[in-house]
Amino acid sequence: MEIFRADLHIHSLLSPCGDLEMSPANIVAQAMAQNLHIIAITDHNSLRQAPLVKKLAAKQGIFTLCGAEVTTREEVHCLALFGNTQAQEIFQNYLDEHLPDIKNDPQYFGHQVVVDEQEMIVLEEEKLLISAINQTIDQVERKVHELNGLFIPAHIDRKKFSLVSQLGFVPPGLNADAYEISGHTTIKEILRMFPYLKNNVFIRSSDAHLPSQIGASVTLLQIQTPSFEEIKMAFAATEGRRVVYSDMDA
């Protein structure tokens with residue numbers, strides 16, 4: 001077993017809040033500079049830029065999870081990560097079906113573009129990607145797991161777009177593979193507020209919107225090799241795989 005550094009919450013220039021410098025090539029370059037072994041591309045309600053990042057990152061020995069940061073009907077942000085192309089395509093269709101037809105205003109929210117390897121724009125998303133889809137958090141969780149994906153409520157301690165800010169609590173029966181916390185709290189503090197989460201897994205990620213933010217917070221994974229199945233096993237703490245907590249998590 002080895003310890004691998006993972007940043008599982010990174011936005012590209014497809015997200016309206018993502019800087020236009022967050023191109024696939026720049027994301028990979030910064031991931032290399034930060035000595036990351038695993039990254040996840042999680043644009044708002046879309047997976048369309050992730051495959052190119054995965055392709056470029058693989059050339060540099062970085063394993064990439066393709067996913068999205070979904071905004072549920074309750075306006076809770078959740079990470080959905082997938083292990084194969086078919087699941088990604090099905091989930092993209094699911095997001096397209098349930099995202100409301102609200103037009104983006106690039107001057108107000110930011111541009112929403114997909115680029116190719118030459119960083120030429122090949123698609124501009126017209127719907128506002130930061131809108132809430134018309135599916136509840138439970139419906140999103142069921143869809144992600146139906147596709148054998150990983151479901152992770154994002155930055156649960158934040159004052160906006162989190163389980164705590166939107167619902168006031170973490171639903172005890174929610175079937176989450178892990179919970180993401182920000183760099184502004186600790187696992188000890190989260191468990192003080194929600195002791196019933198003591199047997200759950202917690203991760204930290206950068207939620208990067210700028211290249212300089214990539215790798216600012218990481219999750220350490222004890223696994224054999226970077227792969228989707230190994231990461232799932234680490235979250236489930238099976239066969240010696242696990243999430244390794246640091247002093248800052250105490």
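A polar contact is taken here as a pair of N or O atoms within 3.5 Å, of which, within protein, one must be able to donate a hydrogen and the other to accept it. In the predicted model examined here, the side chain of Thr 219 meets this criterion, reaching the backbone oxygen of Arg 204 at 2.7 Å. Thr 219 belongs to strand β10 and, with a relative accessibility of 3%, counts as buried. When residues up to four places away in sequence are not counted, Thr 219 touches Phe 4, Arg 5, Ala 6, Ile 203, Arg 204 and Val 243. A further relation across the chain is that of Thr 219 to Tyr 245, since the two residues are 26 residues apart in sequence and their C-alpha atoms lie 8.0 Å apart in space.

The strand that holds Thr 219 also takes part in strand pairing. Strand β10, comprising residues 219–223, runs antiparallel to strand β1, residues 2–10, and 5 bridges join the two; within this pairing Ile 3 stands opposite Gln 222 of β10. Strand β1 pairs in addition with strand β2, residues 38–44, here in the parallel sense and over 3 bridges, with Ile 39 of β2 serving as the bridge partner of Asp 7.

Helix α1, which spans residues 24–33, has as its buried residues Pro 24, Ile 27, Val 28, Gln 30 and Ala 31. These residues cover an arc of only 165° around the axis and are therefore placed on the same side of α1. This arrangement may be set beside a general property of the fold element: an α-helix has 3.6 residues a turn, so residues three or four places apart point the same way. The cover over the buried residues of α1 includes β1, β2, α2 and β5, the last of these formed by residues 113–115. Just after α1, a positive phi of about 55° is found at Asn 35.

Gln 49 is situated in the loop between β2 and α2, the latter comprising residues 50–58. Because its relative accessibility is 1%, below the 20% limit, Gln 49 counts as buried. Apart from neighbours within four places in sequence, Gln 49 is in contact with Ser 12, Leu 13, Leu 14, Pro 24, Asp 43, Val 113, Val 114 and Val 115. Pro 24, one of these contacts, is also among the buried residues of α1.

Aromatic rings were considered next. A pair of aromatic rings is described by the distance of the centres and the angle of the planes. The structure holds 5 aromatic pairs. One of them, formed by Tyr 108 and Phe 109, is edge-to-face, with 4.8 Å from centre to centre and 85° between the planes. Tyr 108 has a relative accessibility of 65% and so counts as exposed, whereas Phe 109, at 31%, counts as partly exposed. The pair of Tyr 179 and Phe 202 is tilted, its centres being 6.3 Å apart and its planes 35° from one another. Since Tyr 179 lies in strand β8, residues 179–181, and Phe 202 in strand β9, residues 202–204, this pair ties together parts that are 23 residues apart in sequence. Both Tyr 179 and Phe 202 are buried. Elsewhere, ring pairs link Phe 82, Phe 91 and Tyr 94 into a cluster.

Note on methods
Residues numbered from 1 in each chain as written. Predicted model: local features only at pLDDT ≥ 70, side-chain atom pairs only at ≥ 80, totals over all residues. Heavy atoms only, no water. Phe/Tyr/Trp six-rings, centres within 6.5 Å; stacked < 30°, edge-to-face > 60°. Buried < 20%, exposed > 50% of the residue type's maximum accessible area, 1.4 Å probe, protein only. Helix = DSSP H or I, 4+ residues; strand = E, 2+ residues; numbered from the N terminus. Pairing = 2+ DSSP bridges. Contact = heavy atoms within 4.5 Å. Arc of directions from axis to C-beta.
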